[in-house]
Amino acid sequence: MSDCIFCKICDGTIPADIVYEDEHCLAFRDIQPKAPVHLLVIPRKHVASLDDLSDADRELAGHMLLTIPRIARQQGLEGGYRTVANTGKGGGQEVFHLHFHILGGGTPKPL
C-alpha cells in the first residue's frame, strides 16, 4: 500500500531503528515505547491485521511467530516479555499493517 507507514519502513522510504530483518519480516524499535524494550515485528507483505490473514499466509504467520522469541532473546529478554497484536480499530489497532509488539525489560505500560 502506497500510504502505509510500515510498508514505507519495509522499503526503506522511512527510516527506522531496525534490530532484525529477513526475507519475510523485520523488527524495529517503537518510537513511543511503553517498556524499556518495545519492538514492532511486521511482515514485509502488507496484511492489514490478523483478521486479514488467509490460508495463503500460513507460512508467513508461522515464520513470524517462530521469529519473535529469537528477536526477544537477541534483545536480552530471556526472563520474559509480552507479545501483543491489536486487531481492528475496536481492538486498539492504529496502524493497519499487521504487527506484533514485543515488550519487556521492566513493567510495560498499558498499550
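Trainee: Why is Val37 called buried?

Mentor: In this predicted model, Val37 has a relative accessible area of 12%, and because buried means under 20%, the value of 12% places Val37 in that class.

Trainee: Where does Val37 lie, and which residues does Val37 touch, leaving aside those up to four places away in sequence?

Mentor: Val37 belongs to strand β3, and with that exclusion the residues it touches are Gln75, Leu77, Ile102, Leu103 and Gly104. As contact means heavy atoms within 4.5 Å, each of these five counts as touching Val37. For Leu77, which is 40 residues apart from Val37 along the chain, the C-alpha atoms of the pair are separated by 8.4 Å.

Trainee: What makes β1 and β4 the edge strands of the sheet?

Mentor: The open sheet of five strands runs in the order β1-β2-β3-β5-β4, with antiparallel pairing, and β1 (18-21) and β4 (82-84) each pair on one side only. Neighbouring strands are turned by 20° against each other on average, direction ignored.

Trainee: How do you know that β1 and β2 pair?

Mentor: Two strands pair if there are at least two bridges between them, and β1 and β2 (residues 25-29) have three bridges in the antiparallel sense, so the criterion is met. Across to β2, Glu21 has Leu26 as its bridge partner.

Trainee: Which helix packs on this sheet, and which strands does it touch?

Mentor: Helix α2 (residues 58-74) packs on the sheet, touching β1, β2, β3 (37-43), β4 and β5 (100-104), and the direction of helix α2 makes about 155° with that of β3.

Terms used: Residues are numbered from 1 along each chain as its sequence is written. This is a predicted model: local features need pLDDT of at least 70, side-chain atom pairs count only at pLDDT 80 or more; totals for chains, interfaces and linings use all residues. Side-chain values use heavy atoms; hydrogens and water are left out. Helices (H or I, at least four residues) and strands (E, at least two) are DSSP runs, numbered from the N terminus. Axes are lines fitted to C-alpha atoms, for helices over the stretch in contact, and angles run from 0 to 180 degrees between N-to-C directions. Buried means under 20% relative accessible area, exposed over 50%, partly exposed in between (1.4 Å probe, protein chains only).
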